[in-house]
Each structure stands twice: as structure tokens, then as C-alpha cells.
Amino acid sequence: IELLITDKYLEKWRSLYVPNLKLEKEKKKQLVYEHDKNIKRLEDQIDSQNKNGKKSDYEQILKHLNQLHNEAINLKNDVEKLDLKLYNVDLTIGLFVDELFELYDYYFDEQPTMLDKHQNTFERLADRISQLVYKGFAIHILRSRPLYSQSRLMENTIKKLRVSGRLAVLTVIGEQSSAKSSLLNSTFGCNFRVSSGRCTIGVYLGIAYYKDVTIVILDTEGLLSLEESGSIFDNQMITMAILSSHIVLINHKGELSSSLEGLIGMSLYAKLQLQSSPLKPKLLFVLRDQMDRNKKIFCEQLTQFKDNLQTSSRFLKVSIDDELEIKHENIVLLPSAFSEDINSD
């Protein structure tokens with residue numbers, strides 16, 4: 001009850017700042033999209049003139065292109081600054097727990113005598129946090145850029161989590177703002193934080209129990225975001241999912257895309273190079289916002305998807321079926337019920 005009351009007050013405080021910041025961010029992102037589209041159009045125009053040998057207004061087009069490039073850079077910087085402002089006002093119970101994790105490491109590294117003095121308090125905190133996880137609270141286990149996890153208090157908390165019977169690890173991946181957290185909450189009764197327009201940052205860990213199985217659930221940051229375009233972040237995130245999970249739930253809008261195919265291909269290559277992953281993950285495709293729920297069409301797409309993966313990885317001299325479980329029965333079609341993360345309030 002105390003947690004719910006605290007969270008309610010924090011939500012009230014966030015509502016004073018977050019809506020306007022989100023609105024401003026969306027406007028900036030739309031401008032970035034329009035600039036990128038115009039940049040592509042001008043680059044195609046320049047390429048066409050170079051091929052044809054006709055360079056009418058060439059200097060003017062080039063000048064306009066450089067101007068758009070500079071404006072696009074400034075707009076992307078503005079988006080990053082707005083993200084930082086949103087992060088600074090996004091006070092949650094989870095953020096307080098993150099601060100406790102950091103405080104423990106600070107004492108451990110800088111003031112060991114203070115740590116000895118408060119060791120019993122931190123042990124009780126680890127017990128309380130682990131108890132919260134049983135009630136659906138999610139621990140922020142990976143954060144920042146590059147993603148890292150080095151909190152000793154977090155490690156102590158995870159060690160206190162009860163694992164009964166068999167253990168299964170399920171990781172959800174998908175595009176940014178594709179309602180991954182809402183899908184997990186509805187399916188497994190978790191309490192991953194959701195709200196309209198808010199995106200998961202890093203990786204959160206939750207636990208669910210089913211019969212004699214303990215399910216470790218990892219909610220990941222969205223792929224294919226504007227902020228991470230051109231970086232290796234997407235490859236790292238999907239590779240981590242493939243290497244560490246029994247089930248990878250791929251929450252995807254529309255048809256299976258070539259970009260998703262490329263990311264899975266890269267993770268397969270990494271899996272073979274490491275040669276240390278005993279898991280053969282099952283890929284479960286949750287395809288949302290489907291108006292026509294004829295599964296036959298998507299089964300054909302999945303067959304082509306798998307064939308393309310096999311062809312592109314032929315030089316590795318392995319069979320896809322030996323490394324990944326990709327089957328037609330692993331396709332689930334959803335209407336638009338989970339089209340965006342919506343706060344239960």
C-alpha cells in the first residue's frame with residue numbers, strides 16, 4: 001500500500017513536467033524525419049545529375065544539402081537534450097532503488113568503513129527488494145551506454161530471489177514504443193512500468209511462476225530507434241537476447257522486415273563465434289496491429305525469412321534449425337490491443 005501511495009505522488013509530480021517535454025520532443029523528432037527525407041531526396045538528385053552529366057543548380061542544391069545536414073544534427077542534439085530532461089524528472093521507486101545500488105558501490109569503493117557500519121541495513125534492503133520482485137517489481141539490471149551491470153547490492157538482491165523447479169529465461173525484443181512492457185504485464189501478471197510515450201531504458205528483470213517453472217522475464221529497450229540509428233546497440237541487444245534466453249518473444253508491428261532479419265542474422269553469427277551458449281532459443285513472433293489475421297500469409301513470410309537467414313549464413317556451414325527454433329506454430333497474430341503502452345490509470 002505504501003508503495004502505491006508513493007508511486008501515486010511521484011506520478012502527480014511527473015505530470016507537471018513530462019507532457020510538455022514529450023510534446024516538444026515529438027515535434028523535434030518529426031522535424032528530424034522531414035529533414036532526413038529531404039536530405040535523401042537531394043542526395044538522389046545529386047547522384048542523378050552526376051550520372052547524367054547535367055549539373056544545373058548543382059552548387060545551390062549542394063549548399064541546401066549541407067544546410068539540411070547541419071540543421072538535422074542540431075535537431076538530433078535537441079532531442080537528446082529533451083531526453084535528458086525527461087530522464088531528470090522521471091522520478092520513480094525504481095529510480096530510488098537504482099540510487100541505492102549506486103550508493104552501495106560508492107561505499108564499497110570509496111568508504112569501506114561506512115559500508116561496514118551500514119552492512120546490516122543494506123542486507124535488509126536486499127531482502128526487501130527481492131520480496132518486491134515477487135510482487136511484480138522489476139529490477140533495472142542493465143543501463144547506460146554502453147550497457148553495463150556492476151552493482152554488488154543488485155547481485156546480492158538477485159541471489160536472494162527464490163528459484164523453484166525448472167528455470168526458464170524469456171526476453172522480449174521489438175521496436176521502440178511497440179508495447180512490449182504492456183504485453184508482458186498482461187501475459188505474465190508482471191508490473192513493468194508503462195505509460196503513454198515512455199520507453200524502457202536498458203533492461204529490466206522480473207519473475208513469474210508457473211507450476212514448477214520459475215520464469216525470469218527480461219524487458220528490453222526498443223530497437224530501431226532514431227536516437228540509436230547508426231550505432232551497434234540493436235545488434236548488442238538482440239545478441240544478448242539470443243545468447244541468454246530459452247524463449248525470445250519478438251513483438252513486431254506488421255510484416256516481418258528485412259531489418260529484423262538482418263539483426264537476427266548478426267546475433268546468430270555472434271552465437272557461433274562465442275561457442276559458449278548451450279541454449280537453442282525458441283523465437284516466438286507476436287505480430288501486432290493485424291487487420292487480416294490469416295496466418296497462412298505470415299507462415300509463408302516466416303518460411304522466406306528462415307530461408308534468407310539460411311542463405312546468408314551458409315558460409316558458417318551450420319543449419320539454422322540446429323541453433324534457433326523457428327516454426328510456424330510460433331507465430332501469434334494480435335489486433336491493435338497492444339498498439340502502445342498505456343498506464344493503467
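Let me begin with one residue: L223 lies in the loop between β4 and α8. Helices and strands here are DSSP runs, H or I of at least four residues for a helix and E of at least two for a strand, numbered from the N terminus. This is a predicted model, in which local features need pLDDT of at least 70 and side-chain atom pairs count only at pLDDT 80 or more, while totals for chains, interfaces and linings use all residues. Residues are numbered from 1 along each chain as its sequence is written, and side-chain values use heavy atoms, with hydrogens and water left out.

Back to L223. Is L223 buried or exposed? L223 has a relative accessible area of 3%, so it is buried; buried means under 20%, exposed over 50%, and partly exposed in between, with a 1.4 Å probe and protein chains only. Leaving aside residues up to four places away in sequence, L223 touches I173, G174, E175, Q176, D234, M237 and L263. Contact means heavy atoms within 4.5 Å. L223 and N235 are 12 residues apart in sequence, and their C-alpha atoms are 9.0 Å apart in space.

Now the whole chain. The protein chain has 11 helices and 7 strands. Of its 345 residues, 41% are buried. Take the contacts between residues at least 6 apart in sequence: 76% of them join residues at least 24 apart. The accessible surface comes to about 19700 Å², and 53% of that belongs to carbon and sulfur atoms. These areas come from the Shrake-Rupley method with a 1.4 Å probe, and for residues only the protein chains shown count as cover.

Next, helix pairs. Two packed helices are described by the angle between their axes and the distance between the axes. The axes are lines fitted to C-alpha atoms, for helices over the stretch in contact, and the angles run from 0 to 180 degrees between N-to-C directions.

I start with α8 and α9. Helix α8 covers residues 233-244 and helix α9 covers residues 258-274; their axes come within 8 Å and cross at roughly 60°. The two are therefore oblique to each other. For the cut-offs, under 35 degrees is roughly parallel, over 145 is roughly antiparallel, 65 to 115 is roughly perpendicular, and the rest is oblique. α8 passes α9 in a right-handed crossing. A crossing is right-handed if the near helix is turned clockwise from the far one by less than a right angle, and left-handed if anticlockwise.

Which residues of α8 and α9 meet? From α8 there are D234, N235, I238, T239, I242 and L243, and from α9 there are L260, L263, I264, M266, S267, A270, K271 and L274. By class, this contact has 9 nonpolar, 3 polar and 2 charged residues. Nonpolar covers Ala, Val, Leu, Ile, Met, Phe, Trp, Tyr, Cys and Pro; charged covers Asp, Glu, Lys and Arg; the others, Gly among them, are polar.

One residue of α8 to look at is T239. T239 is buried, with a relative accessible area of 12%. Not counting residues up to four places away in sequence, T239 touches S267 and A270.

The second pair is α4, residues 93-110, and α5, residues 112-134. Their axes come within 10 Å and cross at roughly 150°. That makes α4 roughly antiparallel to α5. The crossing of α4 and α5 is left-handed. Residues making the contact include V97, L100 and F101 of α4 and P112, M114 and L115 of α5. The contact as a whole has 13 nonpolar, 2 polar and 1 charged residues.

α5 also packs with α6, residues 152-159: the axes come within 8 Å and cross at roughly 55°. That makes α5 oblique to α6. Their crossing is right-handed. In this contact F122, E123, A126, I129 and S130 of α5 meet L153, N156 and T157 of α6.

Two items remain. In helix α7, residues 180-188, the buried residues are K180, S181, S182, L183, L184 and N185. They pack against β2 (166-174), β4 (213-220), β5 (247-253) and β6 (282-288). Just after α7, G189 takes a positive phi of about 70°.

Last is N330, in the loop between α11 (320-323) and β7 (331-333). N330 counts as buried, at 6% relative accessibility. Setting aside residues up to four places away in sequence, N330 touches K282, L283, L284, F285 and E325.
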